[in-house]
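Student: Before I use the labels in an annotation, I want to know what each one rests on. Can we take them one at a time?

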Amino acid sequence: MKAVGLVSGGLDSSIAVALIRSQGIEVVALHFTSPFFGRKAFLEGVMKRLGAEFREVQVGEEYLEIVRNPRFGYGKNLNPCIDCKIFMLRKAKAIMEEEGAKFVFTGEVVGQRPKSQMRDTLRLIEKESGLSGLLLRPLSAKLLPPTIPELEGWVRREDLLGIAGRGRKAQFELAERFGIEEYTSPAGGCLLTDPIFSKRLKDLLDHDAFTLENVELLKLGRHFRFTPWYKLVVGRNEGENRALLRLAREGDFLFFPQGGKGPLGLGRGTAGPEDIERSAQVIAFYTKNDAEKTAVIVRDFSGTSRVLEVPKCQENVLESLRIPKG
Ligand code: SF4
């Protein structure tokens, strides 16, 4: 008997794997990664210790559509949790069929998170994923109607759990019982639940610039929107300056103080002379000197450079450009 489980790196999904494994069922543990939630390096080892086969499923472009246009809306930030779960479960269903596995399970706990883990929503997610009757939530199973795996005796319902709500005490005891030592916090580091990241993402959506390349830029630096067609990202340290340089692509502008000491700016989009001048002023603002004017090099992607002597951008102007504001 084989089952497919979804594992995030959080404690609950690892406990779900342990519970299913403890019933002698083989487990293929799927770990989804996307531009918004990355690989948890420790998880492969955890799954190995629990005797499950670990498999990473990378999603890119197709996931952007879920974020752009979620059928069931967003959570508190730009996290489309219901659509996201349906998306992952549909993929899990396809893998279940390929693998000749009998059912899919997750670490969801009834009532643990707003909206996406309420009873009605769990039912909706099950139906929309095409897994009706074949989706088991081992941690809350006793509080939910029996699934086919329980009715058919593939899993022993009496050995599953009836956990509900936000409390973590039961999970910590189970972690100890199963020897699970490494796990992330419940939100699991999904950038879509981060308020600042979400506001920057909203800016991309509003300006029709929601692409994988632009999403990568959101993970770095300070962001400034000049016009609907142009924005500037400014590195906050050496590491970010280097990362911005790596992400530069054809059509981008680079800005840095002459002499090299200070921030790197990456301008993306269609920029007029005023936008270029203002970008150089923002770089001057973040360059440590007391001079009235700063020499800022502007380089376009063809490698052509020029030097602009500019004053520092005024703080109120800078704040009016910042994403998110305030
Ligand atoms: S928190 Fe992120 S990864 Fe988790 S269900 Fe929501 S959108 Fe998906």
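Tutor: Begin with the second largest pocket, which holds about 300 Å³ of space. The model is predicted: local features need pLDDT of at least 70 and side-chain atom pairs count only at pLDDT 80 or more, while totals for chains, interfaces and linings use all residues. Residues are numbered from 1 along each chain as its sequence is written, and side-chain values use heavy atoms, with hydrogens and water left out.

Student: What makes a set of points a pocket and not a cavity?
Tutor: Both are found on a 1 Å grid over the protein atoms alone: in a cavity a 1.4 Å probe fits but cannot get out, whereas a pocket is an open set with protein on both sides within 12 Å along at least five of seven lines. Grid points are joined across faces, edges and corners, and the volume is the space filled by probe spheres set on the points.

Student: How many residues line the second largest pocket, and which lie nearest its centre?
Tutor: The lining has 13 residues, and K261, G262, P263, Y286 and K288 lie nearest the centre. A lining residue has an atom within 4 Å of a point.

Student: How does the lining of that pocket divide by residue class?
Tutor: It has two nonpolar, six polar and five charged residues. Nonpolar covers Ala, Val, Leu, Ile, Met, Phe, Trp, Tyr, Cys and Pro; charged covers Asp, Glu, Lys and Arg; the others, Gly among them, are polar.

Student: Which residues are around the ligand?
Tutor: They are F37, Y63, P80, C81, C84, K85, C190 and T193. Each is near the ligand by the rule that one of its heavy atoms lies within 4 Å of it. By class, this shell has six nonpolar residues, one polar and one charged.

Student: Which helix gives the largest share of the shell around the ligand?
Tutor: Helix 4 (residues 81-99), with three residues. A helix here is a DSSP run of H or I with at least four residues, a strand is a run of E with at least two, and both are numbered from the N terminus. The protein chain has twelve of each.

Student: In what order do the seven strands of the open sheet lie?
Tutor: The order is 11-10-8-9-7-6-12, with antiparallel pairing. Strand 11 (305-310) and strand 12 (322-323) are at the edges; each has a single partner strand, so one side of each is left without a neighbour in the sheet.

Student: Why do strand 6 and strand 7 count as paired?
Tutor: Two strands pair if DSSP finds at least two bridges between them. Five bridges join strand 6 (residues 222-227) to strand 7 (residues 230-234), so the criterion of at least two is met. R225, for instance, has K231 in strand 7 as its bridge partner.

Student: Which strands does strand 8 join, and through how many bridges?
Tutor: Three bridges join strand 8 to strand 9 (residues 265-269), and five join strand 8 to strand 10 (residues 294-300). F255 has G265 in strand 9 as its bridge partner, and L254 stands opposite R299 in strand 10.

Student: How do you know that strand 8 is mostly covered?
Tutor: Five of the five residues of strand 8 (residues 253-257) are buried. Buried means under 20% relative accessible area, exposed over 50%, and partly exposed in between (1.4 Å probe, protein chains only). F253, F255 and P257 are buried on one side, and L254 and F256 on the other, which covers both faces.

Student: Why is S279 called buried?
Tutor: S279 has 0% relative accessibility, which is below the cut-off, so S279 counts as buried. S279 lies in helix 11 (residues 273-285), where its side chain reaches the backbone oxygen of D275 at 2.7 Å.

Student: Is R177 buried or exposed?
Tutor: R177, in helix 7 (residues 169-178), has a relative accessible area of 56% and is therefore exposed.

Student: What makes Y183 partly exposed?
Tutor: Its relative accessibility is 33%, which falls between the two cut-offs. Y183 is in the loop between helix 7 and helix 8. The C-alpha atoms of Y183 and G10 are 5.0 Å apart, with the two positions 173 residues apart along the chain.

Notes: Polar contact = N/O pair within 3.5 Å; in protein donor to acceptor, adjacent residues only side chain to side chain.
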